Amino acid sequence: DQGLALNAAVLLEDPSSLERMLERVSEIEEEDNLGIQAVSWRKASGIVGQFIVLVRVVLYVIISITFLVALVIINNSMIMATMERVKEIGTIRAIGAQRKFVLLMFLMETMALGIASGLLGAGIGAGIIKALGSVGLPATSKQMVFLFSGPRLFPTVEPHHLIFASIVILLVSIISTLYPALIATRVEPVVAMQAGE
């Protein structure tokens, strides 16, 4: 208690081994009576740790709402594109294309656009995060200094974040295209080819 350092943080290479390591430290403490106590970072941080969890939950809610809005926008765009291409779909169906082919055609178009836009968005986002990570985001108040654990926050991005974001964008694109694609498969060739502009 009278030493230079009262607390020490240990970063584990494998975070899943936290409970095992806490038990091991407790065993050593019981054997040697060193006067140490090991706790997880959440317990040690108290209300600060709970606040960080709350911030993370709020961010996930915001991301979910963003993806829901994107799903609706993509869905509306694809419905409009389907309605504008009724004659073309009817012609394709009249020359022998099956419903599965039309469905696959719409899904492949969406996948191509989703992959291209996902990779482009992930690349731009990673570039912005990398630029901000080298400069740092300044804390503009005492509360922000406390939240950032210092005067600046240096954000980072990992490859698994980019992969996860790209996969989610692709899934949102495909899900939002299913309904317009099903509408396209129901287009009757004769009615579509007779439809006026």
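A residue is called buried here when its relative accessible area is under 20%, exposed when that value is over 50%, and partly exposed in between. With that scale in hand, the tour goes through a predicted model, and the accessibilities quoted along the way can be read against it.

**The whole chain**

Begin with the entire chain coloured by secondary structure, which shows 8 helices and 2 strands. Followed from the N terminus, the elements run α-α-α-α-α-β-α-β-α-α. Of the 197 residues, 21% count as buried, and if you switch on a surface, the area that the chain exposes is about 14,700 Å², with carbon and sulfur atoms supplying 68% of it. Among contacts with a separation of 6 or more, those between residues 24 or more positions apart account for 64%.

**Helix α1 and its end**

Select residues 18-32, which make up helix α1. This helix has 15 residues and reaches 21 Å from its first C-alpha to its last, close to the 21 Å expected at 1.5 Å a residue. Show the side chains of Arg24 and Glu27, which form a salt bridge whose closest N and O atoms are 3.4 Å apart. Because the two residues are 3 residues apart in α1, they are separated by about one helical turn. An α-helix has 3.6 residues a turn, so residues three or four places apart point the same way. Both partners are partly exposed, Glu27 at 39% relative accessibility and Arg24 at 41%. Moving on to Asn33, which follows α1, you will find a positive phi, near 50°.

**The second salt bridge**

The structure holds 2 salt bridges, and the next selection is the pair Arg85 and Glu109, where the closest N and O atoms are 3.0 Å apart. Arg85 lies in the loop between α3 and α4, whereas Glu109 belongs to helix α5 (residues 99-135), so the pair ties together parts that are 24 residues apart in sequence. Arg85 is partly exposed, with a relative accessible area of 25%, and Glu109 is partly exposed as well, at 28%.

**A nonpolar patch on the surface**

Return to the surface view and select Val53, Val57, Val61, Ile65, Val69 and Ile73, which form a nonpolar patch with about 480 Å² of accessible area together. To place one of these residues in the fold, pick Val69, which is found in helix α3 (residues 47-84). Val69 has a relative accessible area of 44% and is therefore partly exposed.

**One side of α4**

Which residues of α4 are buried? Select Ile89, Gly90 and Arg93, the buried residues of this helix. They cover an arc of only 100° around the axis, which means that they sit on the same side of α4. The residue to inspect after α4 is Gly96, whose phi is positive, near 115°.

**Two serines of α7**

Now select residues 159-185, helix α7, and within this helix Ser173. Is Ser173 buried or exposed? At 6% relative accessibility, Ser173 counts as buried, since this value is under 20%. Leaving aside neighbours within four places in sequence, the contacts of Ser173 are with Ile74, Thr110 and Gly114.

Ser176 lies in α7 too, and its relative accessibility of 1% makes it a buried residue. With neighbours within four places in sequence again set aside, Ser176 is in contact with Leu71, Ile74 and Asn75. Ile74 is therefore worth displaying alongside the two serines, because it appears among the contacts of Ser173 as well as those of Ser176.

**A buried glycine in a loop**

The last stop is Gly136, which lies in the loop between α5 and β1. Gly136 counts as buried, at 5% relative accessibility. Add Arg152 to the selection and draw the C-alpha to C-alpha distance: Gly136 and Arg152 are 16 residues apart in sequence and 5.5 Å apart in space. Beyond the neighbours within four places in sequence, Gly136 is in contact with Arg152, Leu153 and Phe154, which makes these three residues a suitable selection for closing the tour.

Methods: Residues numbered from 1 in each chain as written. Predicted model: local features only at pLDDT ≥ 70, side-chain atom pairs only at ≥ 80, totals over all residues. Heavy atoms only, no water. Patch = residues over 30% accessible without salt bridge, like charges linked within 9 Å, V, L, I, M, F, W, Y side chains within 5 Å. Areas by Shrake-Rupley, 256 points an atom, 1.4 Å probe, with all protein chains shown as cover. Salt bridge = Lys/Arg side-chain N within 4 Å of Asp/Glu carboxyl O. Helix = DSSP H or I, 4+ residues; strand = E, 2+ residues; numbered from the N terminus. Buried < 20%, exposed > 50% of the residue type's maximum accessible area, 1.4 Å probe, protein only. Contact = heavy atoms within 4.5 Å. Expected span 1.5 Å × (residues − 1). Arc of directions from axis to C-beta.
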